[in-house]
Amino acid sequence: YRKSVILKNLRYCFPDKSDDELNKIRKDFYQRLCDIILESIKGYTLSEKELLKRFVSKNHELTYNHFEQKKDIFLVTGHFGNWEWGNAIVSKALKHSQAVFYKPISNQFMDRYVEARRKRFGAIMVSIYHGRNYYTQKKDKPAAYFLVADQYPTNSVKQKKVVFFGKETAFLHGPENFSKQLNAPVYY
């Protein structure tokens with residue numbers, strides 16, 4: 001699975017490592033990716049109580065003053081740990097209503113199934129193609145916009161370039177731009 005992309009990224013991040021070391025890291029990555037896929041599938045059938053035994057999320061109280069001030073917030077994470085479980089658990093811990101931004105799956109049956117499983121603990125699922133419309137809607141209570149924002153941006157015009165691992169790297173523009181527009185703090 002994406003062997004050439006993974007090796008290219010590993011060489012980019014770890015230019016001093018040997019091919020053997022990079023291949024070991026790649027194999028370890030595949031093992032963890034398989035674990036996450038299987039955990040995610042299992043997580044779709046776990047109860048809230050069972051998920052809480054397996055996934056810990058801390059410091060939600062840091063967001064409570066923004067809720068009291070009726071301010072939206074952004075929650076930004078990356079693809080590490082089990083982001084599917086994180087979405088389920090965090091939505092139960094916040095006072096804010098949670099809007100999870102996601103990219104729809106091309107298979108409509110799978111998209112509907114995954115969306116239903118992701119929102120079963122109270123999160124509102126918002127397609128990335130409808131994000132701007134969702135921001136502007138009037139809401140009953142402040143929203144926490146949840147984004148897994150570590151993917152490579154496809155729109156080269158809107159990319160944010162920063163130095164990362166000693167090299168210029170492109171990042172998504174959305175979390176920064178939208179948080180500025182809404183004057184909403186960002187939590188990682």
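F14 counts as partly exposed because its relative accessibility is 30%, where buried means under 20% relative accessible area, exposed over 50%, and partly exposed in between (1.4 Å probe, protein chains only). F14 is found in the loop between helix 1 (3-13) and helix 2 (19-43), helices (H or I, at least four residues) and strands (E, at least two) being DSSP runs numbered from the N terminus. The model is predicted, so that local features need pLDDT of at least 70 and side-chain atom pairs count only at pLDDT 80 or more, whereas totals for chains, interfaces and linings use all residues. Residues are numbered from 1 along each chain as its sequence is written, and side-chain values use heavy atoms, with hydrogens and water left out.

Helix 2, which follows the loop of F14, packs with helix 5 (residues 83-93) at an angle of about 35°, the axes lying 8 Å apart; axes are lines fitted to C-alpha atoms, for helices over the stretch in contact, and angles run from 0 to 180 degrees between N-to-C directions. I36, E39, S40 and G43 of helix 2 and W83, E84 and W85 of helix 5 make this contact, contact meaning heavy atoms within 4.5 Å. The residues of the contact comprise three nonpolar, two polar and two charged, where Ala, Val, Leu, Ile, Met, Phe, Trp, Tyr, Cys and Pro count as nonpolar, Asp, Glu, Lys and Arg as charged, and the others, Gly among them, as polar.

Helix 5 is largely enclosed by the rest of the structure, because eight of its eleven residues are buried. These buried residues are E84, W85, G86, N87, A88, I89, V90 and S91, and they pack against helix 2, helix 3, strand 1 (73-77), strand 2 (97-102), helix 6 (108-118) and strand 4 (143-148). V90 is also touched by H60, which in addition touches A93 and L94 when residues up to four places away in sequence are not counted. H60 lies in the loop between helix 3 (48-54) and helix 4 (64-68) and, at 12% relative accessibility, counts as buried.

A further buried residue, Y135, has a relative accessibility of 10% and is found in helix 7 (residues 131-136). Leaving aside neighbours within four places in sequence, Y135 is in contact with F74, F101, Y145, F178 and L182. Of these partners, F178 is 43 residues from Y135 along the chain, with the two C-alpha atoms separated by 8.5 Å.
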